[in-house]
Amino acid sequence: AQNEIPKPTPSQLAWQRAEVGVLISYDLPVFQGTPYNQAQNRITPFNNANIFNPTQLNTDQWIQAAKAGGAKFAVLTVTHETGFALYQSDANPYCMKAIKFQNGKGDIVRDFVNSCRKYGLEPGIYVGIRWNSYLGVHDFKIEGTSEFVKRRQAAYKNMCEQMVTELCTRYGKLFMIWFDGGADDPSRNGPNILPIVTKYQPNCLFYHNAQKADFRWGGSESGTVPYPSWSSFPFVFSHAAKQETVFANNFSLLKTGDPNGKYWMPAMSDAPLRGHKGGHDWFWNPNEDHHVNPLDKMMNMYYGSVGHNSTLILGITPDNRGRIPDADVSRLNEWGDSIKKVFKTPIAIWNNKNKGFTINISSGKSFSKIVLQENIQEGERVRSFVIEANINGEWKTIKEGSCIGHKYIGLLDAPIKASEVRVVVKESTSAPLIQTFALY
């Protein structure tokens, strides 16, 4: 049975080890001077793409801010619901070529990718093809059944395939490609993009359509997943099909995964940085710095995503100048520093030469956080465990859990002192391969 357990590909392993990334959302609505309205943007074409004019555009600044927050990769919205493309497309005329900004020669994808490489982040791209208000595409479809509409639908599919080819061949190695809302089934209205990505970007994480998902949406935009959240899943797609099963009970399958699932598909936790005081801003709005999440909320997000075996994607958004706003930059800096500070120096760490999973603690040191990691290259083996502490000569259970996966962070209600702490694996599919056990 050991051979049947799903295991990550090298790119999935890199995704889980990255732990934190950012999604950078940028599109025409940022320049309209009024709050972003998704429902309206999906059905109302913009009159004039020349409003796109970030006079202080600085993609280095975007990536430096992301890196300060601890991100290891960044994803840029190349197209979103307006249909406008942030690069020099030959397939899609509604792009940077069509505007006066930088004399029609601008290419934000190129700038973004170069900035990622300069600062050591992995670049990814997000391609929104489900909605295109400019071309009248709504939920993948152009309304109507006439021969004219059929041909427009075919032309749109073809344009999407050509754009994906351009994006996969012009900018070097990509870490991931994200089709927002999926890319539909190629046998229906979806373009046939998986073969293109596989051909030109064989190591790129693919997310997602009815044929494949390399990771799954974690079922909410809260930046957290509940515990446990397993890395395995029963279907090869995340939620492009069988939605009555996948979406049941408030997306519970997407949130928890399935320990007996046949496919390796870890959960993504996503949330915008501007998610406070009623805000949920994936795109910058004027005068909304108060929507930037406070530090304690950001730390809880980290514990509830990375600490629950999930990779966190944080939405950050450049403003109409073309820069990440100061309030957002300072929060990212604080957050990155706080995570580093908490996990810089363990008070005790397990020596994995020891057969048993026991840590001896030098006297007087207290701890309130426990970090466990499995060697997920061999899959998730642990199904149930307890953590016990020897307090004044008596072993007491201080935490119980099921999934460890890439990372489990156990938070205690209050710091405790103990002479020894041990992990007792109650149930596992085969010999547990714990690679990290540390106290903070």
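Let's start with one pair of residues: Asn-390 stands opposite Glu-420 in strand S19. Keep in mind as you look that this is a predicted model. Glu-420 turns up in a second pairing too, as the bridge partner of Asn-360 in S19. To see how these residues fit in, follow the strands around them. Strand S16 covers residues 382-391 and strand S19 covers residues 420-428, and these two pair in the antiparallel sense over eight bridges. Along the way, Val-386 stands opposite Val-424 in S19. S14 also pairs with S19 in the antiparallel sense, over three bridges.

Now zoom out to the sheet that holds these strands. The sheet is open, with four antiparallel strands in the order S14-S19-S16-S17. Which strands stand at the edges? Those are strand S14 (358-360) and strand S17 (394-401); each has a single partner strand, so one side of each is left without a neighbour in the sheet. If you compare neighbouring strands here, they are turned by 20 degrees against each other on average, with direction ignored. A handy thing to know when you trace any regular strand is that its side chains alternate between the two faces of the sheet.

There's another open sheet of four strands to find, and this one runs in the order S13-S20-S15-S18, with antiparallel pairing. Strand S13 (348-349) and strand S18 (408-417) take the edge places, and each has a single partner strand, so one side of each has no neighbour in the sheet. Look at strand S15, residues 366-374: S15 and S18 pair in the antiparallel sense over six bridges. One spot to check is Val-371, which stands opposite Ile-409 in S18.

While you're on S18, find Asp-413, which has its place in that strand. Is Asp-413 buried or exposed? Its relative accessible area is 88%, and since anything over 50% counts as exposed, Asp-413 is exposed. Asp-413 and Lys-369 are 44 residues apart in sequence, yet their C-alpha atoms are 9.4 Å apart in space.

Thr-145 gives you another pair to try. Thr-145 lies in the loop between strand S5 (141-142) and helix H5 (147-170), and at 70% relative accessibility Thr-145 counts as exposed. Thr-145 and Phe-112 are 33 residues apart in sequence and 40 Å apart in space, C-alpha to C-alpha.

For a buried residue, go to Ser-133, in the loop between strand S3 (122-127) and strand S4 (137-138). Why does Ser-133 count as buried? Its relative accessibility is 6%, and the cut-off for buried is under 20%. What does Ser-133 touch? Leaving out residues up to four places away in sequence, the answer is Asn-41, Arg-42, Ile-43, Thr-44, Pro-45, Glu-81 and Thr-82.

Helix H9 (residues 295-305) has buried residues as well: Met-298, Met-299, Met-301, Tyr-302, Tyr-303, Gly-304 and Ser-305. What covers them includes strand S1 (20-24), S11, strand S12 (311-316), H10, S15 and S18. You've already met S15 and S18 as paired strands, and here they are again in the cover of H9.

Let's finish with the pockets. The largest pocket has a volume of about 860 Å³. Its lining is made up of 39 residues, and the closest to its centre are Arg-130, Asp-180, Gly-181, Gly-182 and His-239. Helix H2 (38-43), strand S6 (176-179) and strand S11 (267-272) each supply at least two residues of this lining. By class, the lining of the largest pocket has 17 nonpolar, eleven polar and eleven charged residues.

The second largest pocket holds about 350 Å³ of space. Of the 20 residues that line the second largest pocket, Gly-70, Lys-72, Tyr-302, Ile-339 and Lys-340 lie nearest its centre. Helix H1 (10-18), helix H3 (59-68) and helix H10 (326-343) are the elements that give two or more residues to this lining. Which element gives the largest share? That's H10, with four residues. The lining of the second largest pocket divides into nine nonpolar, four polar and seven charged residues. Did you spot Tyr-302 there? Tyr-302 is one of the buried residues of H9, and Tyr-302 is also among the residues nearest the centre of the second largest pocket.

Note on methods: Residues are numbered from 1 along each chain as its sequence is written. This is a predicted model: local features need pLDDT of at least 70, side-chain atom pairs count only at pLDDT 80 or more; totals for chains, interfaces and linings use all residues. Side-chain values use heavy atoms; hydrogens and water are left out. On a 1 Å grid over the protein atoms alone, a cavity is a set of points where a 1.4 Å probe fits but cannot get out, and a pocket is an open set with protein on both sides within 12 Å along at least five of seven lines; lining residues have an atom within 4 Å of a point. Grid points are joined across faces, edges and corners, and a volume is the space filled by probe spheres set on the points. Ala, Val, Leu, Ile, Met, Phe, Trp, Tyr, Cys and Pro count as nonpolar, Asp, Glu, Lys and Arg as charged, and the others, Gly among them, as polar. Two strands pair if DSSP finds at least two bridges between them. Axes are lines fitted to C-alpha atoms, for helices over the stretch in contact, and angles run from 0 to 180 degrees between N-to-C directions. Buried means under 20% relative accessible area, exposed over 50%, partly exposed in between (1.4 Å probe, protein chains only). Contact means heavy atoms within 4.5 Å.
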